[in-house]
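Work through three short exercises on the structure below. Try each task before reading its solution.

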Amino acid sequence: MEAIAGEAKTTSYDTTLLIRIMKITLFTAAFVVVPCFFLYNSAAFSFQFPPISSQGKEAYKLEKVLKNASMGEKTVIITTVNEAWAANNSLLDLFIESFRIGINTQRLLNHLVIITMDQKAYARCISIHPHCYALKTRNKNFSKAAFFMTPDYMEMMWTRIHFLLSVLKMGYSFVFTDTDIMWFRDPFPHFYPNADFQIACDRFNGNSKDINNWPNGGFMYAKSNNRTIKFYQFWYSSRLKYPGINDQDILNMIKHDPLFNKIGLTMRFLDTAYIGGFCERSKDLNLVCAMHANCCAGLGNKIHDLGIMLDDWRRYKSFTANNKSKSSSWTVPQKCSLKTLHKHGSRP
């Protein structure tokens, strides 16, 4: 009987010990997992990396540039360049020339802010344009041309998203445009007045509300409000969830995320008839507002084909009203093609 009683006591003790261990384990798991769960789910709204302090010298410089360039309702046009893109006879010269020879676009140069990624780009910018801002890049060298999906390219793109978030926080709306986009007409009349965020497409399916359109982050119009700020926070923080994936592909992912719907952002995709590119050309030169050297890799290839594009536009403008619709067409792309993309390891 004593042996049986001893076994019962031992069994009771072991059971009590096991229960205590289980409680401690569950408590520890709850302590670790639950905060992580809430941190993850709130990342879009609290994971903030303000690239420019709301106070201080850099904020003052940026505010001054934005204010001087602003059009009505605190709206600016923004592009970014490095040394390679800002050099003589490179993309920046072609970009500015397109505004000068476009229809009702030269005045928009007064509202263009050029963000430079290195000192040489800044020196060139201030020699040819009144509104330049030198972005501090934390000892990173962004002066050279970066091929699609290389580490330098990825970091440059995320730095750009980071910066645009700061602009929104300062209360400024913007049209962001890559420098390899030629402006031929004022695009503002074709923007949707009630949309928070509008973006160009590599391919447009005919429905501006359909999130299955494939967006291109080289041309975007964002209005400064709480929804766009939360959206850009969500977009920027999502790079941690999807490491090694570029900003454009991540946008394609998060537009289906439930958190995107919670933000309440009104998003529209822009028709390639107005904002086209080499992926899907604007076929009618009587409608086109801008053309992008997308689906193209290599700085030399872009410069070559964009130069020809400007010649095509000059030829179009030289025609009379009667024969413009019959005689006008693009002769590009030439060096830009899917072959150049594959050569540089890029996707269409």
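In strand β5, W183 stands opposite A290 of β10. Keep in mind that this is a predicted model.

**Exercise 1. Lay out the sheet.** What is the order of the three strands in the open sheet, and which are the edge strands?

Solution.
- Start with the order: β5-β10-β9, with mixed pairing.
- Next, find the edges. β5 (181-183) and β9 (275-277) each pair on one side only.
- Take the β5 pairing. β5 runs antiparallel to β10 (residues 290-292), over three bridges.
- Finish with the twist, which averages 20 degrees from one strand to the next.

**Exercise 2. Find the two sides of a helix.** Which residues of α3 are buried, and why are they on the same side?

Solution.
- Locate the helix. α3 covers residues 57-69, 13 residues in total. From first C-alpha to last, α3 reaches 19 Å, close to the expected 18 Å.
- Apply the cut-off: buried means under 20% relative accessible area.
- A59, L62, V65, L66 and A69 of α3 are buried.
- They cover an arc of only 130 degrees around the axis, so they lie on the same side of α3.
- The general rule: an α-helix has 3.6 residues a turn, so residues three or four places apart point the same way.
- Now turn to the other side of α3. K57, Y60, K67 and N68 are exposed there.

**Exercise 3. Classify a helix crossing.** At what angle do the axes of α8 and α9 cross?

Solution.
- Identify the pair: α8 is residues 226-241, and α9 is residues 247-254.
- Their axes come within 10 Å and cross at roughly 115 degrees.
- Therefore α8 is roughly perpendicular to α9.
- Add the hand: the crossing of α8 and α9 is right-handed.

Technical notes: Residues are numbered from 1 along each chain as its sequence is written. This is a predicted model: local features need pLDDT of at least 70, side-chain atom pairs count only at pLDDT 80 or more; totals for chains, interfaces and linings use all residues. Side-chain values use heavy atoms; hydrogens and water are left out. Two strands pair if DSSP finds at least two bridges between them. Helices (H or I, at least four residues) and strands (E, at least two) are DSSP runs, numbered from the N terminus. Axes are lines fitted to C-alpha atoms, for helices over the stretch in contact, and angles run from 0 to 180 degrees between N-to-C directions. The expected span of a helix is 1.5 Å times one less than its number of residues. Buried means under 20% relative accessible area, exposed over 50%, partly exposed in between (1.4 Å probe, protein chains only). The arc is that of the directions from the helix axis to the C-beta atoms. Angles under 35 degrees count as roughly parallel, over 145 as roughly antiparallel, 65 to 115 as roughly perpendicular and the rest as oblique. A crossing is left-handed if the near helix is turned anticlockwise from the far one by less than a right angle, and right-handed if clockwise.
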